[in-house]
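Thanks for coming. I will start with one residue and then move to the contact between the chains.

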Number of protein chains: 2
Amino acid sequence: VLPRRLDEVVRLLTRLPGVGEKTAMRYALRLVGDPTLARDLGQHLQQLPDRVRPCERCCNLAEIADDGRFLCTVCLDTRRDLKVLCVVAKVQDLMAIERSGAHRGRYFVLGRLLSPLDGVGPEELPLGALLRRIEEDEAEEIIVATPPSVDGEATALLVAREVAKLSIRVSRIASGVPHGGDLEFADQVTLGRAIDGRRQFD
Amino acid sequence: VLPRRLDEVVRLLTRLPGVGEKTAMRYALRLVGDPTLARDLGQHLQQLPDRVRPCERCCNLAEIADDGRFLCTVCLDTRRDLKVLCVVAKVQDLMAIERSGAHRGRYFVLGRLLSPLDGVGPEELPLGALLRRIEEDEAEEIIVATPPSVDGEATALLVAREVAKLSIRVSRIASGVPHGGDLEFADQVTLGRAIDGRRQFD
């Protein structure tokens, strides 16, 4: 019964995380009923891939600059402490730590965790880029803030082993974040404690 | 920390029904990570308002035809029984009844229900358009399939009173659909029973 073009919109919307056909249909009908919203969102989404990309330095999300480069607000902020680099799994985790205000240094976003079951091995992680970043910034301490899950811990150990080659301090956030939990959804106090209570790899 | 353009996308996404800031953020990050999806969805959404609009005859959703007119697939289907017209509150309800296969006639979508608390009075409903539709189709029976809620029943009575002026049969779907429920989410058997068990206004 539905117009083919609306069906297509529904099909595309179901590719968003956690969106089934019924939810996609509700979204689509809302968009049909609000032409301004549909046009605005459509225009923004079309421009998104050309304007928002991973930061060249840390893989956080960055907006294109006048010179065509992608550098995130954290990397552009000269008041940041270059000595401390915080390694996170994903951009949401970086945002959560920023909200806690407990870290004043910079970040490196791995983009994924080691996951043998999903076929993600060490070679899939951007460890080379991480080491280059550490050397360029002349960082003195690495805080590994991957989540306290099996994959997160394995990734933390791998990062610690790689960084050990450079003979600099590596620490792991404290287990203030509950085991198996997600940094993205931890409260600010918990995240602040996790950062404050970090312990060195021995 | 977020790029301004991504913030804007998040803001627009929160205007979708039931989408809060966290969900909008998840959607936005998925879209940043999938440029093809962002571009495709963006293009479709931009074109949506010009290509999908309410059907000129019944207010069901319709795709633009080569002649620039908007007529839905139900209204274009010449095998439909013009004698029976089903009045529904919204397009989702029409789709649910179509899935049940219990109605072979056409539809009229009111777009809203009487709702004194929200300031929706009889003059906000397209009753004139409904009466014109009935006369043009020379319909012989009107099935009022508004939901069995307070607003739905009030709307059904209003529609019945208006249609009574034309001296044609008006029926109400049976209460196979549970009171206070939503047609959109009723199963096909329930909706089929509701259509079969309709009773005439007396």
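Helices (H or I, at least four residues) and strands (E, at least two) are DSSP runs, numbered from the N terminus. This is a predicted model, where local features need pLDDT of at least 70, side-chain atom pairs count only at pLDDT 80 or more, and totals for chains, interfaces and linings use all residues. Residues are numbered from 1 along each chain as its sequence is written, chains are lettered from A and ligands numbered from 1 in the order in which they are written, and side-chain values use heavy atoms, with hydrogens and water left out.

First, Asp137(A). This residue lies in helix H6 of chain A, residues 127–137. Is Asp137(A) buried or exposed? Its relative accessibility is 13%, so it counts as buried; the cut-offs are under 20% relative accessible area for buried, over 50% for exposed and partly exposed in between, with a 1.4 Å probe and protein chains only.

Beyond its neighbours within four places in sequence, Asp137(A) is in contact with Leu82(A), Leu85(A) and Arg106(A), contact meaning heavy atoms within 4.5 Å. Leu82(A) is 55 residues away along the chain, yet the two C-alpha atoms are 5.9 Å apart.

Now the two chains. How many residues does each chain bring to the contact? Chain A brings 54 residues and chain B brings 54 residues. Between them they bury about 5400 Å², with carbon and sulfur atoms giving 71%. Buried area here is the accessible area (1.4 Å probe) that two parts lose on being put together, summed over both. Val1(A), Arg5(A) and Leu45(A) supply 12% of what chain A buries against chain B, more than any other three residues.

There are eight salt bridges between chain A and chain B, a salt bridge being a side-chain nitrogen of Lys or Arg within 4 Å of a carboxyl oxygen of Asp or Glu. One of them joins Asp34(B) to Arg15(A), with the closest N and O atoms 3.3 Å apart.

Last, the symmetry. A turn of 180° and a shift of 0.0 Å along the axis lay chain A on chain B with an RMSD of 0.1 Å. The two copies are thus related as by a two-fold rotation axis. The superposition is by least squares on the C-alpha atoms of residues with pLDDT of at least 70 in both. Which residue of chain A comes closest to the rotation axis? That is Gly42(A), at 1.9 Å for its C-alpha. Of the interface residues of chain A, 100% are also interface residues in chain B, so the copies meet through the same surface.
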